[in-house]
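Here are my notes from going through this one, written the way I'd jot them down for a colleague. Have the viewer open while you read.

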Amino acid sequence: GPVLKFNDVKFHYDPDREILKGVSFEVPAGKTIAVVGPSGAGKSTISRLIYRFYDAIEGSVEIDGQDVRDVTQKSLRASVGMVPQDTVLFNDTIAYNIRYGRPEATDEEVREAAKLAQISDFIDGLPQGFDTPVGERGLKLSGGEKQRVAIARTILKSPPILILDEATSALDTQTEREIQSALDHVSQNRTTLVIAHRLSTVINADEIIVLRAGEIAERGNHEALLALD
Ligand code: ADP
Ligand code: ADP
């Protein structure tokens, strides 16, 4: 059966305003499903329900046929990896930040993950912050570089299910392209749910679900959806 499944999920933060109005979809093993839609459609809410930052109000979210409400937080965190939209780094080396989530990883594994995420040059540096001036080992990282640290962390952790929150708008085209290639690498042959703002970033998805105002408005492959545009 599907690895990840939403069964007629309804959700609201505020009872006066329904955010998800009965959303159903499945992500089969090894496939990539993308949810795209305008800002405010409820896309990030979907990832929050998988990670149980919130629970569905009606319906259910299942992983490997099991309701996520019956899965321990520990096992949920082990099976689902997330590359969030905004990455907040710990005030420690980039290598430490990559290793977070799999502390037992070898230096060699950390270096390999950094290489795939294209951040090899600065794994010994420290994110600019509390007590590190820029210029010594202090690094002033762009949003895209921080996101690549999160990608390296996820490569190292290698979770069975991956959530990529690409609904980012702040990146320039070049950075977006670099991140895209790192993400394509991570999601290959892995059960992946991509959350994205624009159709153009999810060309390789096996199925694309268009979410509008908390409802699935369209679904299909990239070509079919472009034809509807
Ligand atoms: P998207 O990711 O598609 O932009 P979200 O899932 O983040 O949309 O949000 C859907 C709607 O829910 C938005 O209108 C947003 O303002 C609202 N929302 C998101 N988080 C909260 C919250 N914690 N409390 C109340 N409303 C929220
Ligand atoms: P772990 O369980 O892997 O040790 P966390 O539970 O802190 O780590 O977070 C798991 C993943 O979810 C991390 O990639 C983290 O950046 C991301 N994350 C944590 N909190 C949030 C949040 N409130 N919104 C979005 N992403 C988050």
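The points below cover the sheet, the helices and the two ligand sites.

1. Before anything else, keep in mind that this is a predicted model. Every distance and angle quoted here is computed from that model, so to speak, as it stands.

2. Let's start with the sheet. It is open, has 6 strands and mixed pairing, and its order reads S6-S9-S10-S3-S11-S12. S6 and strand S12 (215-220) are the edge strands, each pairing on one side only. On average, neighbouring strands in this sheet are turned by 20° against each other, ignoring direction.

3. Strand S9 (residues 161-165) is a good place to zoom in. Is S9 mostly covered or mostly uncovered? Mostly covered: 5 of its 5 residues are buried. That holds for both faces, with Ile 161, Ile 163 and Asp 165 on one side and Leu 162 and Leu 164 on the other. As a general reminder, side chains in a regular strand alternate between the two faces of the sheet.

4. Now for the pairing around S9. With strand S6 (residues 80-83), S9 pairs in the parallel sense over 4 bridges, and Met 82 stands opposite Ile 163. With strand S10 (residues 191-196), S9 is joined by 5 bridges, and those two strands run parallel as well. If you want a register check there, Asp 165 has Ile 195 of S10 as its bridge partner.

5. Moving one strand along, which strand is joined to S10 by 5 bridges and includes residues 32-36? That is S3, running parallel to S10. Val 36 has Ala 196 in S10 as its bridge partner. Helix H6 (residues 173-187) packs on the sheet and touches S3, S9 and S10, with its direction at about 160° to that of S9.

6. Helix H1 (residues 43-50) also deserves a look. H1 lies across S3, S6, S9, S10 and strand S11 (207-212), and runs at about 145° to S10.

7. Helix H4 (residues 107-116) has Val 110, Ala 113 and Ala 114 buried. They sit on the same side of H4, because the arc they cover around the axis is only 100°. What do the buried residues of H4 pack against? Helix H3 (94-99) and helix H5 (143-157). Just after H4, Gln 118 takes a positive phi of about 60°, if you are checking backbone angles.

8. On to ligand 1. There are 13 residues around ligand 1, and Arg 17, Gly 40, Lys 43, Ser 44 and Thr 45 come nearest. Arg 17 puts a polar side-chain atom 2.7 Å from an oxygen atom of ligand 1, while a polar backbone atom of Lys 43 is 2.9 Å from an oxygen atom of the ligand. For Tyr 54, an N or O atom in the side chain is 3.5 Å from a nitrogen atom of ligand 1.

9. Last, ligand 2. Around ligand 2 you will find Tyr 51, Phe 53, Arg 77, Met 82, Pro 84, Tyr 100 and Lys 157. The side chain of Arg 77 has an N or O atom 2.7 Å from an oxygen atom of ligand 2, and the side chain of Lys 157 has one at 3.2 Å from an oxygen atom of the ligand. Met 82 takes part through its backbone, with an N or O atom 3.0 Å from an oxygen atom of ligand 2. Recall that Met 82 also stands opposite Ile 163 in S9.

How values were computed: Residues are numbered from 1 along each chain as its sequence is written. Chains are lettered from A and ligands numbered from 1 in the order in which they are written. This is a predicted model: local features need pLDDT of at least 70, side-chain atom pairs count only at pLDDT 80 or more; totals for chains, interfaces and linings use all residues. Side-chain values use heavy atoms; hydrogens and water are left out. Buried means under 20% relative accessible area, exposed over 50%, partly exposed in between (1.4 Å probe, protein chains only). Two strands pair if DSSP finds at least two bridges between them. Axes are lines fitted to C-alpha atoms, for helices over the stretch in contact, and angles run from 0 to 180 degrees between N-to-C directions. Contact means heavy atoms within 4.5 Å. The arc is that of the directions from the helix axis to the C-beta atoms. A residue is near a molecule or strand if one of its heavy atoms lies within 4 Å of it. A polar contact is a pair of N or O atoms within 3.5 Å; within protein, one must be able to donate a hydrogen and the other to accept it, and residues adjacent in sequence count only if both atoms are side-chain atoms.
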